[in-house]
Amino acid sequence: MTELTEQDKDPFLIALGERLKSLRGRRGFTRKALAQLADVSERHVANVESGVGNASIQFLRQLAQVLNCTLAEMIGDETASSPEWLMIREILRGRPEDELAKARVALAGIFDTPTSDSARRQRVALIGLRGAGKSSLGQMLADHWMVPFVELGRQIEKIAGCSIAEIHALYGPNAYRRYERRALEETVRNFPRAVIATPGGVVSDPATFNLLLSHCYTVWLKASPEEHMGRVVAQGDTRPMSGNKEAMEDLKQILESRAQFYSKADQTFDTSEMTQEASFVGLLDSLRNAVLKQDKAFF
């Protein structure tokens, strides 16, 4: 069978495949994991992602359920569900990213519980993939500022009464996201001053990420994919490489899919090629510079 060229592929199927890859990456699933959870063929998922798969509605429904999105979102028509959606979409169509960010903040101010900027700066939340240094640098910041350090992953396990791995195995990814949202809500309520280390996939759920941005001063701890992988393995966790020859490509896909969400943080700090001590000093200086720039102190 002759392989289809890009010119021979249906533009709609190409776009569908790109959206599926993006959704999968944002949720942090490998292709194999998504296929297993959705109970579909991994090869069929690969074909759809490459723009040559003739996906049935049932197949897409199974994927959408695991990815915690609507069919409309997967096929690219989530804003055509009502006249108000259409009108809002037209207002926002073609706007640059900075204007869209202002619109999001304005809408959050209308519909969410208002949080002052000074109150928001009393909680510094570190976001990013595993291996960026969220736990180690977060603990160091908390010790330096003499405020509580909160690992959101442990709060999730405390609420669920089991490990994160067990949550996924027993209840699935959607249940995990519900626990994650509840853990963040309780953390915001119980810790007016804190440094928070968040799970890498906290940006996968827009509602939870909006809550984080609204109530915390967020810093994206960034590193190269190779350093992310190397640091995790150096910590004794070989799972990312176990039985997965394409682990690095999967990691790059996840990072690429989440980068636009991570970049919504108040600050970005790159820990690549830096020791833990150098990263801490640099991060502390970066936060101090933000204070001078905004004239609003942390804690």
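Residues L152, Q155, I156, I159 and A160 of helix α10 are in contact, meaning heavy atoms within 4.5 Å, with Y176, Y179, E180, R182, A183, L184, E186 and T187 of helix α12. The model is predicted, so local features need pLDDT of at least 70 and side-chain atom pairs count only at pLDDT 80 or more, whereas totals for chains, interfaces and linings use all residues. Residues are numbered from 1 along each chain as its sequence is written, and side-chain values use heavy atoms, with hydrogens and water left out.

The axes of α10 (residues 152–160) and α12 (residues 173–190) come within 9 Å and cross at roughly 110°, these axes being lines fitted to C-alpha atoms, for helices over the stretch in contact, with angles running from 0 to 180 degrees between N-to-C directions. That makes α10 roughly perpendicular to α12, a term for angles of 65 to 115 degrees.

Helix α12 is also among the elements that cover the buried residues of helix α4. In α4 (residues 57–67), the buried residues (under 20% relative accessible area, 1.4 Å probe, protein chains only) are F59, L60, L63, A64, V66 and L67. Seen down the axis of α4, they fall within an arc of 165°, so they line one face of the helix, the arc being that of the directions from the helix axis to the C-beta atoms. The face turned away from this buried side carries I57 and Q65, which are exposed, that is, over 50%. After α4 comes N68, with a positive phi near 55°.

Elsewhere, five strands form an open sheet with parallel pairing in the order β2-β3-β1-β4-β5, where pairing requires that DSSP finds at least two bridges between two strands.

How values were computed:
Helices (H or I, at least four residues) and strands (E, at least two) are DSSP runs, numbered from the N terminus. Angles under 35 degrees count as roughly parallel, over 145 as roughly antiparallel, 65 to 115 as roughly perpendicular and the rest as oblique.
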